[in-house]
Amino acid sequence: MPRFAANLTMLFTEVPFLDRFELAANAGFTAVEFLFPYAFSARQIRDRLDTYGLELVLHNLPAGDWESGERGIACLPNRIDEFRTGVMQAIEYAAALGVKQLNCLAGKAPAGIADDVLRTTLVENLRFAARELKSAGLDLLVEPVNTFDIPNFYLCHTEQAVSILRDVDESTAFLQYDIYHAQRMEGELAATVQKHLHLIRHIQLADNPGRNEPGTGEINYPFLFSLLDRLGYNGWVGCEYKPKSSTEEGLTWRQQLI
């Protein structure tokens, strides 16, 4: 059965962020992930991880002004210096927090910039990030995101991400496969996972529609969990969903579906 990590950005949101580590541990999780650590000192987060015996398995590179609606800057040709500064900041946090992989959000495609410019920018930024992360003993991940939830998100299909990773051509650059985003954009979940398992280093889940917990929508999660076992997937599965009611009730799927 896959190993599940609690996504602290989406779960336990009824309490302040730093208090969510305790709730995740109390719920039986041994690992956590979240979008960003940068609003807190690395020491604050490290203390919570150590206190509750949790492993941090993923966070993202800085992604621009999140509060104003930005969802990454890696494809933006006028933000290259900012992106590369963010890579170095992320490496500092990763070293302090013990995380072994960092995810990159490509960002939204702005109007008026040709696709080839956006793609070239993204490839070059990912190559830079992969090399810097490799020097620090880290893997780089890149994640396709659906354009229904985030209109104009540049990287939105698995095959597009695979093609970009081929151009990046770095041995430590991999794919983060979010089941919810993939279902919304393309379906064919099982076939895609089988085809690209060699590139997948992290998986996230939520059901569709609603982005709620498994068992609330159309995705056959018992089948997918069994498939991951048969394929020998040994990475983490991040629980990045919005509980349909309370967080506590939204965690019962683990007993019901596994």
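The following paragraphs walk through the nonpolar cores, helix packing, two buried residues and the cysteines of this structure. The model is a predicted one, and every value below is computed from it.

A good place to start is the interior. The largest nonpolar core has 83 residues. Within this core, the residues with the most contacts are L8, F21, V32, I179 and L205. L8 offers a helpful view of the surroundings: apart from neighbours within four places in sequence, L8 is in contact with F17, R20, F21, A24, V32, E33 and F34. Two of the core residues named above, F21 and V32, thus appear in this list of contacts as well. There is also a second, separate core of 7 residues, and V57, L58, L141 and W236 are included in it.

Several helices pack against one another. Helix α2 spans residues 42–51 and helix α3 spans residues 80–97; their axes come within 9 Å and cross at roughly 30°. This angle makes α2 roughly parallel to α3, and the crossing of the pair is right-handed. On the α2 side, the meeting residues are A42, I45, R46 and L49, while α3 contributes Y93, A96 and L97.

Further along the chain, helix α5 (residues 158–168) packs with two helices, α4 and α7. With helix α4 (residues 115–135), the packing angle is about 60° and the axes are 9 Å apart. The two helices α4 and α5 are therefore oblique to each other, and α4 passes α5 in a right-handed crossing. Here R119, L122, V123, L126 and R127 of α4 meet S163, I164, D167 and V168 of α5.

The arrangement of α5 with helix α7 (residues 189–196) has an angle of about 10°, with the axes 12 Å apart. That makes α5 roughly parallel to α7. Once again the crossing is right-handed, as α5 passes α7. The residues that meet are T158, E159 and V162 in α5, and T192, K195 and H196 in α7.

Two single residues round out the picture of the interior. L175 sits in strand β6, which covers residues 173–178. With a relative accessibility of 0%, L175 counts as buried. Although L175 and E143 are 32 residues apart along the chain, their C-alpha atoms are separated by 6.2 Å. Not counting residues up to four places away in sequence, L175 touches L141, V142, P144, T158, A161, L165, L199, I200, R201 and H202. Among these partners, T158 belongs to the α5 residues that meet α7, and L141 is part of the second core.

T247, by contrast, lies in a loop, the one between β8 (236–239) and α9 (253–257). This loop residue also counts as buried, because its relative accessibility is 8%. Beyond neighbours within four places in sequence, T247 is in contact with F12 and E14.

Finally, the cysteines deserve a look. A disulfide is a covalent bond between the sulfur atoms of two cysteines. A search of the whole structure finds 0 disulfides. For C104, the closest cysteine sulfur is in C75, at 9.2 Å, which is too far for a bond. For C156, the closest cysteine sulfur is likewise in C75, at 11 Å, and this is again too far for a bond. C104 is buried, with a relative accessible area of 0%, and C156 is buried too, with a relative accessible area of 15%.

Note on methods. Residues numbered from 1 in each chain as written. Predicted model: local features only at pLDDT ≥ 70, side-chain atom pairs only at ≥ 80, totals over all residues. Heavy atoms only, no water. Disulfide = S-S within 2.5 Å. Buried < 20%, exposed > 50% of the residue type's maximum accessible area, 1.4 Å probe, protein only. Core = buried A, V, L, I, M, F, W, Y, C linked by side-chain atoms within 4.5 Å. Contact = heavy atoms within 4.5 Å. Axes fitted to C-alpha atoms, helices over the stretch in contact; angles between N-to-C directions. Helix = DSSP H or I, 4+ residues; strand = E, 2+ residues; numbered from the N terminus. Parallel < 35°, antiparallel > 145°, perpendicular 65-115°, else oblique. Left-handed = near helix turned anticlockwise from the far one by under 90°.
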